[in-house]
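Hi,

Here's the structure I promised to pass along. Have a look first, and my notes follow underneath.

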Amino acid sequence: MIRVLVPRECRPGETRVAATPETVRRLSARGCLLHVEQGAGAASGFDDAAYGEAGAQLIDPATVAAEHWSKADVVLAVQAGSIAQQRRELEALRPGSLLLGLLEPHGNDSLKQQLEQQRLTAMALELLPRISRAQTMDVLSSQANIAGYKAVLLASAALDRYVPMLMTAAGTIQPARALILGAGVAGLQALATARRLGAVAYVSDVRAAAKEQVESLGGRFIDPPELEQKPGETGGYAQQATEDFLAAQRRQLTEQLALADMVICTAQVPGRPAPRLIDDAMLQHMRPGSVVVDLAVAQGGNCEGSQPGTTVLRHGVQLIGADQLPCSVANHASALYARNVAALLEHLLEASGSEPTALQLDLEDPIVSGCLFTHHAMAGGAA
Ligand code: NAD
């Protein structure tokens, strides 16, 4: 039987949980024994009683924690990197035990070193390959979807205008104009949400495939500047743009920004600082009262001056630094995250034979090799 531990999250502001009563039932049916720390789901609306009814054993972190950590085969977490760095109980895990969650793996050498020293196996969900087989496990997509949706709601609530077109006795109100930078998962959901609210939406991306997706959702695509050094693509992701290209893009976007009521910034390049698409001079040309929501703020931001977790007023424009939006939709964000993680764990269980007593990792499997951050054999002969 595989023992799975679900700890309480410890990063400030983190409200999600890596397993819900639904996924506890699902994993129990696959032969796992679930241990959930008391209060783990409290911030996302899942109480201890519901976990108990679903078949989990609740553990009191104050008393018996180390004993449970020492028996765990798998630890499921959201902010797994913070748990590794802040929970002392991690030292009790046996070599080869699997830590599964978000690890912020790009360039995170100190975490890697720590996990290596403890001889733990860790899977970074940020590195999961974007292949069809792995879609049900894709936490970046499920969480980016939420962020794109919520960003438009925040912008609409902060805006000094209506979003839809309205014909009133006092005259006609024109629809708000949304500008969305980046047409990945978050950007496309922001587009769909803005359209549902009645906005006219313009979308910029550097990937050619984005144009059709934007147009199919009723958005108007802004073609990238025609320059030789246009950034290429790897595995569906944009590559880093040159400074000359970004300067040309900023010139192109200045006019669009001056017409926009809300700007949703989602442009990112994995493992790199976010492209700077709006500078201070461009903000000066925007209409006072307009709103910029910067989802890329944790990676340096698409917009100059945006600050993580706070709203800044600059030249009359509200800059909302939205770094943790999925946490503001904690119940559904957890429900989807937990399903993604359960799907990945089920995939690992399938490869470990019937009634496994330890997980066997198939290093030839692109889903496993793609997101393996550290790997050590489980004591007792398992992979
Ligand atoms: P991301 O968060 O890394 O980036 C968001 C968007 O920013 C991307 O569309 C990127 O092209 C864009 N961008 C980068 N530099 C830019 C610039 N200078 N100007 C404007 N836009 C810029 O991307 P993501 O949302 O994680 O999605 C990346 C890709 O993966 C997309 O092609 C998406 O369709 C694909 N995807 C595939 C699957 C699957 O097949 N399972 C699942 C999810 C996403």
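In what sense do strand β9 and β14 pair, and over how many bridges? They pair in the parallel sense, over 4 bridges, with β9 covering residues 177-181. Strands here are DSSP runs of E of at least two residues, helices are runs of H or I of at least four, and both are numbered from the N terminus. Two strands count as paired if DSSP finds at least two bridges between them.

Before you dig in: this is a predicted model, so local features need pLDDT of at least 70, side-chain atom pairs count only at pLDDT 80 or more, and totals for chains, interfaces and linings use all residues. Residues are numbered from 1 along each chain as its sequence is written, and side-chain values use heavy atoms, with hydrogens and water left out.

Back to β14 (residues 262-265). I264 is the bridge partner of I180. On the other flank, β14 runs parallel to β15 (residues 291-294), again over 4 bridges, and C265 is matched with D294 there. Both faces of β14 are covered: M262 and I264 on one side, V263 and C265 on the other, are all buried (under 20% relative accessible area, 1.4 Å probe, protein chains only).

β9 also runs parallel to β10 (residues 200-204), joined by 5 bridges, and R177 has V200 as its partner.

Zooming out, 7 strands make an open sheet of mixed pairing, ordered β11-β10-β9-β14-β15-β17-β16. Its edges are β11 (220-222) and β16 (311-314), each pairing on one side only.

Cheers

Notes: Buried means under 20% relative accessible area, exposed over 50%, partly exposed in between (1.4 Å probe, protein chains only).
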